[in-house]
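Please look first at where the two chains meet, and then at how the nonpolar residues are gathered.

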Amino acid sequence: MIPAPFDYESPTTLEEAFGLLDRYGDEAKILSGGHSLIPMMKLRFASPEVLIDINNIPGLSHITKDGNTMKIGALVRESEIEHAKELIAHFPIFADVTKLIADPSVRNRGTIGGNLAHGDAANDHPAVMLALRANIVISGKDGNRTVPIDEFFHGFYMTEVQANEILTEIQIPIHGKGTGSAYHKMERKVGDYATAGVAVQLTLDANGTVTYVGIGLTNLSPVPMRAERSEAALLGKKLTDEVIAEAAKCASEDCSPSDDLRGSEEYKRHLVGVLLKRMIHKAAERAMA
Amino acid sequence: MTKHIKITVNGTEHELDVEPRLLLVHLIRENLAMTGTHIGCDTTSCGACTILMDGKSVKSCTILAVQANGKNLTTIEGVSAENEYNHLQEGFKENHGLHCGFCTPGMILRATELLENNPDPTEEEIRWGISGNLCRCTGYNNIVKAIKYASAKNRGIEPASTEPEFV
Ligand SMILES: Cc1cc2nc3c(=O)[nH]c(=O)nc-3n(C[C@H](O)[C@H](O)[C@H](O)COP(=O)(O)OP(=O)(O)OC[C@H]3O[C@@H](n4cnc5c(N)ncnc54)[C@H](O)[C@@H]3O)c2cc1C
Ligand code: FES
Ligand code: FES
């Protein structure tokens, strides 16, 4: 399968890239890992007239801790996240999630920025970022703006990133002691998109009371979704079986999965409850470790 | 509109003018006439098209040739000298790690990076490591053994008995 013809630009600075985006507008698409975009172009689901390859722009591949914030450059590859010790020490959820994204060769190419900018609720990073309450840095020729993840996803393949902008960095607040995070998804086979996936991050105080919680769901709604009622069911409580069961019930009620080849709506509603219980336990274990 | 690119494949530099939509796997197979890199699924799933780009395994059916500009590529033709086997190739031969051989070039290049990062992988690590490479023939057990064999040889250890498994 061969994509429709297009022009290819490979700027070496962000300024140059903004100039090209300005010139080509909606006709251009940014190319990062290309592992969502190129398959779509091969199937002719997408046929941009110009590809703007940002891989040769330096300064977008960092993972750095800045005070209480972890900063991840948009071009960081999944395989780099897998081996990012400091990031994983603060957020073990990244060790869980990267292992479940596609396979090692795809992870050598796919970037975290592309995974989010693609705006697909079937991708795994959106739920993780919702659970971690990440902030997304979007850059344009007039400078940077920072958008909370809750305002980032607008619809199927639609995000807050405008046609003349580039997602450049992800910023994740580091919570204090007693914080743990976990992710799991059910997949039909290794490398498949999730039948259902759940991301949890929570903080427990010395008495075991939940003082902070974030929960994101994968592939259970048209737009990546935070399970707000489930979070409310946990916040300020101790993690008893009843409290956890209530959070699970809220998530199965509130999500809106579709019947498809991966399973029926009923099955997915059941699955999200099971996964949420497990991820709460796993995150809590890590919080107490 | 074509683009001028310069790539190094198995140590040899090539300069070509290519259409931006040319896929890297087609450049390798058609422009450079190296047909050891296969096309199985053409949808980033099977790994038959796996090569190394700057030492990292990638699926060349999902990379544009223009993206390989300035990069160093290794295909199956470049893993050992002609009529010689490296430890992985020898491992596949000794352990019946291939039947039809269609997946083998991709398996070997993926395993090359795997052993580079993790010289002594466990069976589970090997199975995760080749999870993006499908084989319709062997049932994988003998591929895992082949990679274990190469891992031992690379580390100067005599590989365990290579009795292949036929299931
Ligand atoms: C076989 C296979 C299995 C997969 N399985 C999974 C899986 O299980 N889970 C999962 O999460 N993903 C999966 N993926 C998708 C993969 O992780 C992609 O790499 C990822 O979705 C997109 O990242 P990319 O860097 O490749 O982006 P690209 O494909 O380059 O871009 C994707 C979209 O985002 C835009 N874009 C990219 N970067 C930016 C930026 N910095 N600023 C603004 N816009 C940008 C592009 O214009 C394009 O529209 C799979 C892919 C394949 C091929
Ligand atoms: S042909 Fe490239 S992954 Fe199957
Ligand atoms: S040996 Fe035939 S596909 Fe693997």
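Between chain A and chain B there are two salt bridges, a salt bridge being a side-chain nitrogen of Lys or Arg within 4 Å of a carboxyl oxygen of Asp or Glu. In one of them the side chains of A:K42 and B:D42 meet at 2.6 Å, N to O. This is a predicted model, in which local features need pLDDT of at least 70 and side-chain atom pairs count only at pLDDT 80 or more, while totals for chains, interfaces and linings use all residues. Side-chain values rest on heavy atoms, without hydrogens and water, residues are numbered from 1 along each chain as its sequence is written, and chains are lettered from A in the order in which they are written.

The contact (heavy atoms within 4.5 Å) draws 27 residues from chain A and 29 residues from chain B. Together the chains bury about 2,400 Å², 61% of it on carbon and sulfur atoms, where buried area is the accessible area (1.4 Å probe) lost on putting two parts together, summed over both. Of the area that chain A buries against chain B, 22% is supplied by A:Y8, A:S105 and A:R109, more than by any other three residues.

Turning to the interior, the largest nonpolar core has 37 residues, of which A:F91, A:F94, A:M129, A:I170 and A:I172 touch the most other members; such a core is a set of buried (under 20% relative accessible area, 1.4 Å probe, protein chains only) Ala, Val, Leu, Ile, Met, Phe, Trp, Tyr and Cys residues joined through side-chain atoms within 4.5 Å. Apart from this core lies another, of 33 residues, among them A:L37, B:M53, B:V58 and B:V66.

Key. Buried means under 20% relative accessible area, exposed over 50%, partly exposed in between (1.4 Å probe, protein chains only).
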